[in-house]
Amino acid sequence: MPVAHLDSRALISVSGPDCRPFLHSLLTQDVSTLSDGEVRYGALLGPQGRLLFDLFLFGREDAVLLDCAVTRRDDLMRRLGLYRLRADVRIEADPRPVFVAWNDAIPDWPSDPRLPNLGRRSVGSSEAGASLAAWRSHCLVHGVPDSEDFALDSDYPIDANLDLLNGIDFKKGCFIGQEVTSRMKRRGKIKSRLVPIRFEGGLPPRGTEILNGDLRAGEIRSGQDGRAMAMLRLDRIDGRLMAGDQPIEAERHEWLLSSS
């Protein structure tokens, strides 16, 4: 059964009377209209508009659960604490696990908001019949990155495709890093994006330079044997791409390359 426990993810509970306006003022996603049982995707950016944390937001009647990379949970809690000031909120680690399902395994779970039919996401207990690697492979086939693909405090959220994966609400008003993000969107010319790639053999090391002839085209981020994500210049993805001695091919998903 394609259901996996994501032990790479962890939860933070933000509760209290001000939890929604507090998060709404910080995150790239609209939190004010997040309903009980709904899942949305978003991020917390730095003041210069660079990506610090990507998040899934689970709406609860009296709280919002933030689903983040397990290695980043403590840092995110500290950062939220700095912004709390006089807001009446409680920020606590939540011990419950995060699960994903795909191929219509559990149709009553909330849909993953990034792409239609990518899968579903839930918090709590479930029977996991698939591995984290299987879920990662499923996402890579669809060209969808994960937290491990981002260069945190370096990538802009648009470079990381959050604008195409329903991770930024450009109509919601202010959030941290909004000015830079909105300016990039208005200009419309995106030079680089995370692009799924395919290759034969083992995964090249993270940071391996990708060349198009003699020109630098980008770098490997992360993935698994046969597929990975790479940050690539969009004007250099055509032609013969090489990561060291290894030929690679950029995969062309309509939702991604047709929007740049």
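Q: Say I want to read a helix by what its inner face touches: what do the buried residues of H4 pack against?
A: Start with the residues that are hidden, then look for the element they touch. This is a predicted model, by the way. In H4, which spans residues 178–187, the buried residues are Val 180, Thr 181, Ser 182 and Met 184. Those buried residues pack against E3. Once you leave the helix, look at the backbone too: Gly 188, just after H4, takes a positive phi of about 80 degrees.

Q: Let's follow the strands, then. How many bridges join E3 to E4?
A: For a strand pair, you check the direction, then the bridge count, then a partner or two. E3 (residues 39–45) and E4 run antiparallel, with seven bridges joining them. To find the register, take Gly 42, whose bridge partner in E4 is Leu 55. The hairpin of E3 and E4 has five residues between the strands, and there Gly 49 takes a positive phi near 85 degrees.

Q: And on to E5: how many bridges join E4 to E5?
A: Five bridges join E4 to E5 (residues 63–69), and this pair also runs antiparallel. Here the hairpin connects the strands through two residues. Right by that turn you can pick out Arg 60, which stands opposite Ala 63 in E5.

Q: Why is E4 said to be largely enclosed by the rest of the structure?
A: You count buried residues along the strand. E4 covers residues 51–60, and nine of its 10 residues are buried, so the rest of the structure largely encloses the strand.

Q: Now the nonpolar cores. Which residues touch the most other members in the largest one?
A: The general idea first: in soluble globular proteins, nonpolar side chains tend to be buried together. In this model the largest nonpolar core holds 53 residues, and the ones touching the most other members are Trp 135, Leu 162, Ile 197, Ile 210 and Leu 232. Strand E12 (residues 227–233) gives the largest share of this core, five residues. Another core lies apart from it, with 22 residues, including Leu 23, Leu 26, Phe 53 and Leu 57.

Q: Which residues does Leu 232 touch, if I skip those up to four places away in sequence?
A: Skipping the sequence neighbours is a handy way to see the fold's own contacts. With that filter, Leu 232 touches Lys 191, Ser 192, Arg 193, Val 195, Ile 197, Ile 210, Ala 217, Gly 218, Ile 237 and Ala 250.

Q: Which strands pair with E12?
A: E9 (residues 192–199) pairs with E12 in the antiparallel sense over seven bridges, and E11 (residues 215–224) pairs with E12, again antiparallel, over five. For the register, Arg 198 stands opposite Arg 227, while Gly 223 stands opposite Ala 228. The hairpin of E11 and E12 has two residues between the strands, and its Gly 226 takes a positive phi near 95 degrees. Five of the seven residues of E12 are buried, so the strand is largely enclosed by the rest of the structure.

Q: How many disulfides does the structure hold?
A: Compare sulfur distances with the 2.5 Å cut-off. The structure holds zero disulfides. The sulfur of Cys 19 has its closest cysteine sulfur in Cys 68, 17 Å away, which is too far for a bond. Cys 139 is in no disulfide either, and its nearest cysteine sulfur, that of Cys 68, is 17 Å away.

Q: Is Cys 19 buried or exposed?
A: Residues under 20% relative accessible area count as buried. Cys 19 has 4% relative accessibility, so it counts as buried. Cys 139 is buried too, at 5%.

Q: Last feature, empty space. What volume does the largest cavity have?
A: Rolling a probe the size of a water molecule over the atoms shows where empty space is left. There is one cavity of 30 Å³ or more, and the largest cavity has a volume of about 60 Å³. Its lining includes Leu 6, Phe 56, Arg 114, Arg 121, Trp 135, Cys 139 and Asp 146. Helix H3 (residues 132–141) gives the largest share of that lining, three residues.

Q: Which element gives the most to the lining of the largest pocket?
A: E4 does, with three residues. The largest pocket has a volume of about 260 Å³. Of its 18 lining residues, Ser 8, Arg 9, Ala 69, Ser 147 and Glu 148 are the closest to its centre. The elements giving two or more residues to this lining are E4, E5 and H3.

Technical notes. Residues are numbered from 1 along each chain as its sequence is written. This is a predicted model: local features need pLDDT of at least 70, side-chain atom pairs count only at pLDDT 80 or more; totals for chains, interfaces and linings use all residues. Side-chain values use heavy atoms; hydrogens and water are left out. A nonpolar core is a set of buried Ala, Val, Leu, Ile, Met, Phe, Trp, Tyr and Cys residues joined through side-chain atoms within 4.5 Å. Buried means under 20% relative accessible area, exposed over 50%, partly exposed in between (1.4 Å probe, protein chains only). Helices (H or I, at least four residues) and strands (E, at least two) are DSSP runs, numbered from the N terminus. Contact means heavy atoms within 4.5 Å. Two strands pair if DSSP finds at least two bridges between them. On a 1 Å grid over the protein atoms alone, a cavity is a set of points where a 1.4 Å probe fits but cannot get out, and a pocket is an open set with protein on both sides within 12 Å along at least five of seven lines; lining residues have an atom within 4 Å of a point. Grid points are joined across faces, edges and corners, and a volume is the space filled by probe spheres set on the points.
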